[in-house]
Amino acid sequence: MKVRIVNKSNHRLPAYSTSLSAGMDLKANIDEPMLLKPLERTLVPTGIYIALPEGYEAQIRPRSGLAAKYGITVLNSPGTVDADYRGEVKVILVNLSSEPFLINPGERIAQMIVARYEKVDWEEVRSLDDTERGEGGFGSTGR
């Protein structure tokens, strides 16, 4: 699928790290390092602008390495970039650790997955069909 992109960053276009990767790394388009203190959040620019086709979204997700090693994650995970949005793609990062984290220019801060979605036409009814699970939720099927 072809997607139009404007790259105003100092870096190459987002790309897949391997042939079977689902997500493309997004990089911090900043001129100098940014310090992210414990429990602080910040909006990090990427310098890219995209025009997705109708029926698609871009999901912005955490990088597992940053989350596991440093407690850095995407606050509204997954963030959604809608097909009609034309502004800069930015990432809301949060530091859930007890240590400050330095975001360096060009650092891989998140991953972006382009995914198809379906529109819903609600059919209002008086009741729903019964299932084995029923109303059980929030751990009702195990841990």
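Student: Which residue offers the backbone oxygen that the side chain of S97 reaches at 2.9 Å?

Tutor: This is a predicted model, in which local features need pLDDT of at least 70, side-chain atom pairs count only at pLDDT 80 or more, and totals for chains, interfaces and linings use all residues. Residues are numbered from 1 along each chain as its sequence is written, and side-chain values use heavy atoms, with hydrogens and water left out. A polar contact is a pair of N or O atoms within 3.5 Å; within protein, one must be able to donate a hydrogen and the other to accept it, and residues adjacent in sequence count only if both atoms are side-chain atoms. At 2.9 Å, the backbone oxygen reached by the side chain of S97 belongs to E99.

Student: With which side chain does S97 make a polar contact at 2.7 Å?

Tutor: S97 lies in the loop between β9 and β10; strands are DSSP runs of E with at least two residues, helices are runs of H or I with at least four, and both are numbered from the N terminus. At 2.7 Å, the partner of the S97 side chain is the side chain of N95.

Student: Is G71 buried or exposed?

Tutor: G71 sits in the loop between α1 (64-70) and β7. Beyond its neighbours within four places in sequence, G71 is in contact with residues including L96 and S97, where contact means heavy atoms within 4.5 Å. Buried means under 20% relative accessible area, exposed over 50% and partly exposed in between, for a 1.4 Å probe and protein chains only. Because its relative accessibility is 17%, G71 counts as buried.

Student: How far apart in space are G71 and V94, C-alpha to C-alpha?

Tutor: In sequence, G71 and V94 are 23 residues apart. V94 belongs to β9, where it stands opposite T73. From C-alpha to C-alpha, the separation of G71 and V94 in space is 8.2 Å.

Student: Which are the edge strands of the open sheet with the order β4-β9-β7?

Tutor: Strands of a sheet pair through backbone hydrogen bonds, either parallel or antiparallel. Two strands pair if DSSP finds at least two bridges between them, and three bridges join β7 to β9 (residues 90-95). The pairing in this sheet of three strands is antiparallel. The strands that each pair on one side only are β4 and β7.

Student: Why does T46 count as buried?

Tutor: T46 is located in the loop between β4 (41-45) and β5 (48-51). Apart from its neighbours within four places in sequence, T46 is in contact with S9, L26, K27, N29, E88, V89 and V91. Its side chain also reaches the backbone oxygen of V89 at 2.5 Å. T46 counts as buried because its relative accessibility is 3%.

Student: How many residues does the largest nonpolar core have?

Tutor: A nonpolar core is a set of buried Ala, Val, Leu, Ile, Met, Phe, Trp, Tyr and Cys residues joined through side-chain atoms within 4.5 Å. I60, V91, L93, I103, I109 and M112 have the most contacts inside the largest one. For L93, contacts outside its neighbours within four places in sequence include I103 and I109. The number of residues in the largest nonpolar core is 25.

Student: What value is phi of L39 near?

Tutor: Most residues other than glycine have a negative phi, and most peptide bonds are trans. L39, in the loop between β3 (34-36) and β4, has a positive phi, near 65 degrees.
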